[in-house]
Structures are given as structure tokens and as C-alpha cells.
Amino acid sequence: MAMAGSAIGLGNIWRFPYMVGQYGGAVFIVVYLTACIFLSLPILLSESIIGRSTQSGTFGAMEKLAPGTAWKWLGLLTVFSPLIILSFYSVVGGWSIEYLWQSVTSGFGDDVSTLFGSFISAPWGALACHTIFLALTAIIVLAGVKSGIEKFNKVSLPVLFILIIVIMVYSLNLPGASSGVSYMLKPDFSKLTPSVVAAAMGQSFFSLSLGVGTILTYSSYMKKSDNILTTGLGSAGFDLLFALLAGFAIMPAVFAAGIEPGAGPGLIFETLPFIFAKMGAAAPVVSRIVSILFFVTIVIAALTSSISMCEVGVAYLVEEKGMSRLKATLLIFAGTWTLGTLCSLSFGPLSEVHLFGDTIFDFCDKLTSNYLMTFGSLLFVLFVGWKMDRAAVCREFTNNGTLRANSFLFGLLYFLIRYIAPVVILIIFVTSL
Ligand code: PHE
């Protein structure tokens, strides 16, 4: 549940639909599914094998398995990447808070088409919400993540599933929804380019929290009797299912509302209010309740992911640099708030500032999901495939040979980890560069 909780977040609800829209619809989904099965799953299992066999986080794991080597840099990479993700993630978390506020105070009416544009280009509201989201993250990290958040996650994730299905059914029945369905189901292979492949791979890494040590750290808490394969399959399966549900909830409504599918990061914030406003015309109370519940759960799902990103940096400063937890949290807050503020302003006053052709927000997003997470994932599979002893990897994956299905699949998995994953990641990485 915890691993699925880290995976499921804004990546599924917010990022997946707009990536589908920006990278050609169904063709992106086909590549995405392929990447999830043949690349992301082996990477996820590699991180799990390292984590559970050492029972420590990235730093400690490298210290145990490859003491005194340059692999410690992988530990450092996994401290910085999640913090860059956290900076722009909290901007989107802030948007969700603003929309929750709107649901509570007035609901969504006729102005839905201009709502998002006016919200992000008038920077103070967006900045305030970004600050609130990040402060909530920091407060929870400071207080400790243990029982409250974990318990809440167990309730909020099923609720989120139910709500997304409700919205999907509603959205599929809107007039004009069928073009959205064909957009999701009929691949146009003429749109297949290296950047589509790179984006799909990046999205699958982002969605499964790969290459940044989160899965490794969570796996270090697994029992020796737990099954790495079924845990990994379960998390990846739920994550994939959730992304597809979100896609089928959003895309038909995008077409029904006449919104441009390639609209980018604002896509769901333009589409969801449209759905709620339509729903509201027929059943105002139901629409209000559904929209409040929906944005509450989005904020919670986002928080459970943002906490895991923040915790990595805080734990590093406390354990390796001897800082107090309070000081470490404040430092991380200050750093991510500053970068996040630049990301937030890149939708308004800083929209003309470009880094390598992208706005600051898009640059941070691409830097992490297309490069840093990719690089981290590459290093994890190389570590398991080439640095660790094959017999040790097999023992960990099969619980000392006691799991028959795992023993049967090990040869295939090892082949994917050792040869296929590194080569494919490298090819896609270099081509997209
Ligand atoms: N997987 C999370 C999501 O889909 C994002 C995330 C990335 C979480 C990296 C932790 C680490 O929202």
C-alpha cells in the first residue's frame, strides 16, 4: 500500500493526461505501456532487490554493497532529484489547494474556461497556495510521517479510485466524448518520434517514482518473507490502472469541452471544472460534494508523494551532516520554496524566461523526469546487473529459492535488467539528447 501510495499521485491524475495530449494520444499510451512492462518493472524490482537485501536507504545500501566506490554518487543524485521534483510538484499541489478552495466557497460556474489562465497569471494566489502546500509537507515531515498519514492513505486511495471512476463514467457520457475515446484508443503511428518515446519513458519513471531511491528506501522496510515480485507488480499495476482511469476521465471531457488536448500542465485544471460545472447544472449538490471530495483526495495523494520526496533530503542532512531535524526541514523548505516560486512565476511574470527553450517549470519537469530519473534508473539496473553477484540477486528475488514462480521468472528478469534495460535507456537517452 505504501509503495502504491508513493507511486499514485499527481503523476497519474495531472501529468499523465496532459502528456497523452501533448505527445499524440494513443501512440503515447502504447509506448507508455510497453515502457512500464519492459523497462520500469525491471527497474522497480532492481531498486527493491537493493533495498531489501541491504535493509537501508540509498546511501547505506551503496556503502554496504560497494564500500568506498564511486557508487556513493548515486546516493547523492537521489538526494537532489526528488528536491527538484518537489519544487514544481508543490506548485501543482498549490493549484489543487486553490481549486479545492474554489469548490468549497463557490463551486464552478460559467467562467471555467478562463479560470485557470487568470489564476496562474495573477501570481500572488498561486504563490500563496504553493507556500501552503510546501508548508504542509514540511510540517508533516517535521512531525513524523508514521501513523496519521499512513492510515489516511489507506482510506484516501480507495476513495480516489471510486471518485475517478464516477468522474470517468460521467465524462464518457458527455456529448462529443467519443472523439476523446478514439484519441485514447486509436494510435497514429506517424506521430511516433524519439521525443514521444523519451517522454513516455520519462512519464513511466515519474509515475512509479523510479530512479530517485524512493522505491529502494520503501523496500528496505520489507520483511524477508515478503514477495518482491508480487509487491512490485501490485504497485505498478495499480499505478497503471489509475493513470488509465484518469486518462479516460479527462480526455473525453477535453474533447467535449473543446479544449486543446496539447494544452500542457493546465489541462486537468481546465477540464475538471468544466465537468463539475456541467454536473452542477443538473445536480448542484452532488457536483459540489464530488468536486470537494475529489480535490481533497488530490491534495492528499499529492502530499503523500511530496512528503516522501522531502524526507529523502531531510534524512540525508540529519544522518550525513548531523543537522537537527528542524534545521534540515527549514533548509529544504527554503530551497524548494525558492525554486518552486520561480516555477510558479514562469506561468506569469517569468513566462518569457527560457532555459534550453523551456519555461523554468517545464525545464525542471523535463530535467528530472527525462534526465535525472532516467540516469538514476540506469545506474540502478547497472548496479544490480553488473555490480552485484548474480547468485545474491537470485536469492533476494526468490527468497532463497522458496518462491517457485519467482525462480521460474528470474532468468528473464535478469536478462532484462542486465542487457535490455540499460541498452534501451541509453539509446532513448542519447536519441532524445
Ligand atoms: N510517483 C509520484 C506521482 O506519480 C511522484 C514521485 C516522484 C514521488 C518521485 C516520489 C518520487 O505523483
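A polar contact here is a pair of N or O atoms within 3.5 Å. Keep that cut-off in hand for the ligand site, and bear in mind that this is a predicted model. By that cut-off, the ligand has an oxygen atom 2.5 Å from an N or O atom in the side chain of Tyr89. The other stop on this quick tour is Thr58, a buried residue.

**Polar contacts of the ligand**
- Tyr89 uses its side chain: one of its N or O atoms there sits 2.5 Å from a ligand oxygen.
- Gly11 takes part through its backbone, with an N or O atom 2.9 Å from an oxygen atom of the ligand.
- Phe206 also works through its backbone, where a polar atom is 2.8 Å from a ligand nitrogen.

**How the ligand is housed**
- On its own the ligand has 330 Å² of accessible area, and the protein covers 100% of it.
- The ligand takes up the space of the largest cavity.
- Helices α1 (2–7), α2 (10–22), α5 (72–105), α10 (194–207) and α14 (284–321) each give two or more residues to the shell around the ligand.
- There are 17 residues around the ligand, and the ones that come nearest are Ala7, Gly11, Tyr89, Phe206 and Ser209.

**Thr58**
- You'll find Thr58 in helix α4, which runs over residues 58–65.
- Thr58 counts as buried because its relative accessible area is 7%, and the limit for buried is under 20%.
- Setting aside neighbours within four places in sequence, Thr58 touches Leu74, Gly75, Thr78, Gly213, Leu216, Thr217 and Phe380.

How values were computed. Residues numbered from 1 in each chain as written. Predicted model: local features only at pLDDT ≥ 70, side-chain atom pairs only at ≥ 80, totals over all residues. Heavy atoms only, no water. Helix = DSSP H or I, 4+ residues; strand = E, 2+ residues; numbered from the N terminus. Buried < 20%, exposed > 50% of the residue type's maximum accessible area, 1.4 Å probe, protein only. Contact = heavy atoms within 4.5 Å. Near = heavy atom within 4 Å. Polar contact = N/O pair within 3.5 Å; in protein donor to acceptor, adjacent residues only side chain to side chain. Areas by Shrake-Rupley, 256 points an atom, 1.4 Å probe, with all protein chains shown as cover. 1 Å grid on protein atoms, 1.4 Å probe; cavity = no way out; pocket = protein on both sides within 12 Å on 5 of 7 lines; lining within 4 Å. Sits in = over half its atoms within 2 Å of the grid points.
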